[in-house]
Amino acid sequence: MFRKLHEPAETVTIQVDGEPLTAEPGESVAAVLLRQAVVWSRATPVKGNRRAPYCMIGVCFDCLAQVDGIASVQTCMTPVRDGMTVQRQQGKRCLPS
């Protein structure tokens, strides 16, 4: 859907659903997700509909994903870092008991 307009001088590697992806330091996790062939970050709790980053300013909450084991992270507000793990969020968030 989207692509970078330039070749970054420096890159980091993150894992998205177990797949290594390169990213530019300082860009958001949502920007990386938007460049994938299948664009989505979470599935809705009721019907399982796939949602993708939308507003990119932290208002809509469609970009939620699990980042480094923490569920419901706003990926549009989260900069990438080397070694980060991202899992697309399936359904509702599981809260610790």
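This report covers a nonpolar core, a buried threonine and two loop residues with positive phi.

The model is predicted: local features need pLDDT of at least 70, side-chain atom pairs count only at pLDDT 80 or more, and totals for chains, interfaces and linings use all residues. Residues are numbered from 1 along each chain as its sequence is written, and side-chain values use heavy atoms, without hydrogens and water.

**The core.** The largest nonpolar core holds 14 residues. Such a core is a set of buried Ala, Val, Leu, Ile, Met, Phe, Trp, Tyr and Cys residues joined through side-chain atoms within 4.5 Å. Buried means under 20% relative accessible area, exposed over 50%, and partly exposed in between (1.4 Å probe, protein chains only). I14, V16, V29, V32, V80, M84 and V86 touch the most other members. β1 (12-16), β2 (19-23), α1 (29-34) and β5 each give two or more residues to this core. Helices (H or I, at least four residues) and strands (E, at least two) are DSSP runs, numbered from the N terminus.

**V29 and T75.** V29 is in contact (heavy atoms within 4.5 Å) with T75, T78, V80, M84 and V86, leaving aside neighbours within four places in sequence. T75 sits in the loop between β6 (70-74) and β7 (85-90). T75 counts as buried because its relative accessibility is 0%. Not counting residues up to four places away, T75 touches S28, V29, A30, L33, C63, A65 and V67.

**Positive phi.** Neither F61 nor D68 is a glycine, yet each has a positive phi.

| Residue | Phi | Loop | Relative accessible area |
|---|---|---|---|
| F61 | about 65° | between β4 (50-51) and β5 (64-67) | 42%, partly exposed |
| D68 | near 50° | between β5 and β6 | 32%, partly exposed |
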